Amino acid sequence: MKLIIALLFVSFFASAQVAKEKKGFVEVEAEDFVSQTKDDVRKWYVVKKGAVPEIADENLLEGASGDAYIEILPDTRKTHDDKLTAGVNFSNEAGQMAIVSYKVKFKTTGKYYVWVRTHSTGSEDNGVHVGLDGEWPESGNRMQWCEGKKQWTWDSKQRTEEVHCGVEKLIYLDIKEKGEHTISFSMREDGFSMDKWAMSLEYESPEER
C-alpha cells in the first residue's frame with residue numbers, strides 16, 4: 001500500500017510539472033521549472049514572499065503572478081557604466097550560462113511565438129535567450145525589452161544589429177512534432193527577472209487574451 005501511494009505521489013508530481021498547450025497557447029509560471037543547469041557562475045533564484053535571496057537587488061514581488069518570480073543573480077552589470085565581462089555577467093551566445101528548463105506537452109504543431117513577462121529596472125537587465133529540446137535556434141536568441149521599464153511587462157522581440165530594442169515576430173520556436181518538449185531559457189544579461197512565459201501560434205500578447 002505504501003509503495004502504491006508513493007508511486008501515485010511521484011506520478012502526480014511529475015505530471016504537475018508538465019504544462020499543456022491548449023488551442024495553440026501555453027502559459028507557465030517561471031518558478032515552475034523542472035531543472036537548472038550551467039549555474040556555477042550565475043544562477044536563477046526563486047524570489048517569493050518570505051524567501052527573498054539576500055543577494056537580490058530589489059523586491060519585485062508587487063504585481064508578480066503567483067507572488068513569485070525568478071531572477072539571475074548576482075547582478076553586477078546594471079547599467080552601461082558597469083563593466084561587461086563575457087562569461088560572467090553577459091553571454092551573447094545562447095545555451096552557455098544559467099539555464100532553466102520546462103516541460104510542455106503539445107497537441108498542436110506549428111510556429112510558436114515566445115513571450116516573457118519581465119521587470120526591467122536598469123539598462124542592462126533586459127535580455128534573455130530561449131531554446132527547444134537542447135537546441136538554441138537563431139529565432140530564440142536575444143529576446144529584448146526597452147519599453148515598460150520598472151513594471152512587469154509582456155513582450156516578444158528580438159534584438160538585431162539594426163534595431164537594438166527588438167523587432168516583433170522574430171522570436172519563435174518551431175514545434176514540428178506533437179508530444180512533450182523541453183523549453184529552456186538561458187542568460188544573456190545577469191539581473192534578468194522572469195515572472196511568466198508563454199507560447200502562442202498567434203502573435204498576440206498574453207495580457208490581451
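1. I count a charge as sitting over a ring if NZ of Lys or CZ of Arg is within 6 Å of the ring centre and within 35 degrees of the ring normal. Lys43 fits: its charged end sits over the ring of Tyr45, 5.5 Å from the centre. Arg209 also lies over a ring face, that of Phe25, at 3.8 Å from the ring centre.

2. Ground rules: this is a predicted model, where local features need pLDDT of at least 70 and side-chain atom pairs count only at pLDDT 80 or more, while totals for chains, interfaces and linings use all residues. Residues are numbered from 1 along each chain as its sequence is written, and side-chain values use heavy atoms, leaving out hydrogens and water.

3. On to ring pairs (Phe, Tyr and the six-membered ring of Trp, centres within 6.5 Å; planes under 30 degrees apart are stacked, over 60 edge-to-face, the rest tilted). The count comes to 10 aromatic pairs. One of them, Tyr113 with Tyr203, is edge-to-face, at 5.1 Å centre to centre and 85° between the planes. This pair links distant parts of the chain, 90 residues apart: Tyr113 is in strand E7 (residues 110–119), and Tyr203 is in the segment after strand E15 (193–200). Strands here are DSSP runs of E, at least two residues, numbered from the N terminus.

4. Is Tyr113 buried or exposed? Tyr113 counts as buried because its relative accessibility is 12%; the cut-offs are under 20% for buried and over 50% for exposed, with a 1.4 Å probe and protein chains only.

5. Also worth a look: Phe33, Tyr102, Phe185 and Trp197 form one aromatic cluster.

Definitions and conventions
Helices (H or I, at least four residues) and strands (E, at least two) are DSSP runs, numbered from the N terminus.
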